[in-house]
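Colleague: I am new to this structure and would be grateful for a close look at one part of it. Please describe how one helix sits among its neighbours, and begin with a helix pair elsewhere for orientation.

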Amino acid sequence: MTASIEFTVQAPGGPRTASVAYERVGRGEPLLLLHGIGHHWQAWEPVLSALSAERDVIAVDLPGFGASPALPGGVPYDLDSVVPVLGAFCAALGIDRPHVAGNSLGGLLALGMGREKLARSVTALSPAGFWTPAERRYAFGTLRGMRLAAKAMPLPLVERLSRTAAGRFTLTSTIYAKPARRSPEAVVAETLALREAVGFEPTLTAGLTVQFQDDLSGLPVTVAWGTGDRLLMRRQGVRAKNIMPDARLVRLPGCGHVPMNDDPALVARVILDNSR
């Protein structure tokens, strides 16, 4: 059952209260799951059962996404601000240095938590931040197009499209290689999450200057990329490996940008192997 917790973060002018919604299930060492831009914690539902069999899994709605409200006024959505917010969230739950797995934006944040010694291992699935300027323009343009489409479609149309394999392809093929596997209810919910995400535009704005350049040597790091990723091309994984030579680079055959849906067993195995 989804819960929420309030905690204190630093903001211009003094401490402010932030709130994050999350789902927690399982037992074992803590594992924090971070979704991508415009998504919500339910992106991880396909792998929750496998992960929670071995880990205390905490899947969060990032601030400004899903059921989590926006960051307090004055707190930007950049890497240097959101990572400490996630650290404060973990502290509020009594969690010290969890394993962290993230997808896309969440992968970048997971790497940021590793850089700040807030994670005991990091698994980054198609993480943002290893792009060229042209690749970033393409990704941001695609994301804005997806959001505009989501905002333009009335709910009855979204529901009707979600009930057919062709409709689910139309709505989600940019991020899933196998969109027909996603349930109609999940497709409707994530379309609504995309159009209602108050953190979407400020996160994209903050991303205009992001280029991850930290080695993270000494920390178990796995970078995994779907061979069918249509948003952040898999050659960016090679750049990530060059920047973090000690990291393990894994191919996810037949997977798209959000691979948890396309091959749950493989993604769960990659995350668990890195966190052992």
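Modeller: In this predicted model, helix α4 (residues 133-152) packs with helix α7 (residues 184-196) at an angle of about 105°, and their axes are 8 Å apart. That angle makes α4 roughly perpendicular to α7. On the α4 side the contact is made by M146, R147, A150 and K151, and on the α7 side by T191, L194, R195 and E196. These contact residues comprise 3 nonpolar, 1 polar and 4 charged.

The part I propose to examine closely is helix α3, which spans residues 105-115 and is mostly covered, with 10 of its 11 residues buried. The buried residues are L105, G106, G107, L108, L109, A110, L111, G112, M113 and G114. They pack against strands β3 (29-34), β5 (99-103), β6 (121-125) and β7 (221-226), and against helices α2 (79-92) and α8 (200-207).

Of these neighbours, α2 merits a fuller description. The angle between α2 and α3 is about 75°, with their axes 9 Å apart; the two helices are therefore roughly perpendicular to each other. From α2, the residues in contact are L79, D80, V82, V83, L86 and C90, while α3 contributes L108, L109, G112, M113 and R115. This contact of α2 with α3 divides into 8 nonpolar, 1 polar and 2 charged residues. As a general point, an α-helix has 3.6 residues a turn, so residues three or four places apart point the same way.

Finally, just after α3, K117 takes a positive phi of about 60°.

How values were computed:
Residues numbered from 1 in each chain as written. Predicted model: local features only at pLDDT ≥ 70, side-chain atom pairs only at ≥ 80, totals over all residues. Heavy atoms only, no water. Axes fitted to C-alpha atoms, helices over the stretch in contact; angles between N-to-C directions. Helix = DSSP H or I, 4+ residues; strand = E, 2+ residues; numbered from the N terminus. Parallel < 35°, antiparallel > 145°, perpendicular 65-115°, else oblique. Contact = heavy atoms within 4.5 Å. Nonpolar A, V, L, I, M, F, W, Y, C, P; charged D, E, K, R; others polar. Buried < 20%, exposed > 50% of the residue type's maximum accessible area, 1.4 Å probe, protein only.
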